[in-house]
Amino acid sequence: MKDKEILKQWDKEYFWHPFTQMKVYREEDNVIVERGEGNYVIDIYGNKYFDGVSSLWCNVHGHNHPKLNQAICEQVNKISHLQ
């Protein structure tokens, strides 16, 4: 799909990946994560990857947890940033 190829191009041209050697990254086939489910992330092609890294940084409960999603929605409905 053309849109996915554009995403891959933009990812290499405009997005900085911390802790990544960008010169090498631009030469390799990139993985663009579309969503998360529990301990897995899923790319734009539907490939599923075990996410063994994010818990080191910010995610100890898994991706897309229903209780956390509900709490986030409730909070954003109370206050959010508008311009």
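The chain has four helices and three strands. Reading from the N terminus, the order is α-α-β-β-β-α-α, with the strands sitting between two pairs of helices in sequence. Keep in mind as you look around that this is a predicted model.

Let's start with the overall build. The radius of gyration is 16 Å, well over the 12 Å that the globule rule gives for 83 residues, so the chain is more spread out than a compact globule. Along the principal axes, the C-alpha atoms fill a box of roughly 45 × 35 × 30 Å. Of the 83 residues, 20% count as buried. The accessible surface adds up to about 7300 Å², and carbon and sulfur atoms account for 57% of that surface. As for how the chain meets itself, take the contacts between residues at least 6 apart in sequence: 23% of these join residues at least 24 apart.

Now go to the N-terminal part and find Met-22, which belongs to helix H2 (residues 22-27). Met-22 has a relative accessible area of 11%, so it falls under the 20% cut-off and counts as buried. What does Met-22 touch, once its neighbours within four places in sequence are left aside? Its contacts are Phe-15, Trp-16 and His-17. You can also look back to Lys-12, ten residues away along the chain from Met-22; the C-alpha atoms of the two are 8.2 Å apart.

His-17 turns up again when you look for open space. The largest pocket has a volume of about 450 Å³. It is lined by 17 residues, and those closest to its centre are His-17, Tyr-25, Val-31, Ile-32 and Val-33. Sorted by class, the lining comes out as nine nonpolar, four polar and four charged residues.

Finally, a look at the backbone. Most residues other than glycine have a negative phi. Two residues here are worth checking against that. Phe-19, in the loop between helix H1 (2-14) and H2, has a positive phi of about 65° without being a glycine. Is the residue buried or exposed? Phe-19 counts as exposed, because its relative accessibility is 78% and the cut-off is over 50%.

The other residue is Asn-64, found in the loop between helix H3 (54-57) and helix H4 (66-78). Asn-64 is not a glycine either, and its phi is positive, near 60°. With a relative accessible area of 51%, Asn-64 is exposed as well.

Definitions and conventions
Residues are numbered from 1 along each chain as its sequence is written. This is a predicted model: local features need pLDDT of at least 70, side-chain atom pairs count only at pLDDT 80 or more; totals for chains, interfaces and linings use all residues. Side-chain values use heavy atoms; hydrogens and water are left out. On a 1 Å grid over the protein atoms alone, a cavity is a set of points where a 1.4 Å probe fits but cannot get out, and a pocket is an open set with protein on both sides within 12 Å along at least five of seven lines; lining residues have an atom within 4 Å of a point. Grid points are joined across faces, edges and corners, and a volume is the space filled by probe spheres set on the points. Ala, Val, Leu, Ile, Met, Phe, Trp, Tyr, Cys and Pro count as nonpolar, Asp, Glu, Lys and Arg as charged, and the others, Gly among them, as polar. The radius of gyration is taken over C-alpha atoms; the globule rule is 2.2 Å times the number of residues to the power 0.38. Buried means under 20% relative accessible area, exposed over 50%, partly exposed in between (1.4 Å probe, protein chains only). Contact means heavy atoms within 4.5 Å. Accessible areas come from the Shrake-Rupley method with a 1.4 Å probe; for residues, only the protein chains shown count as cover.
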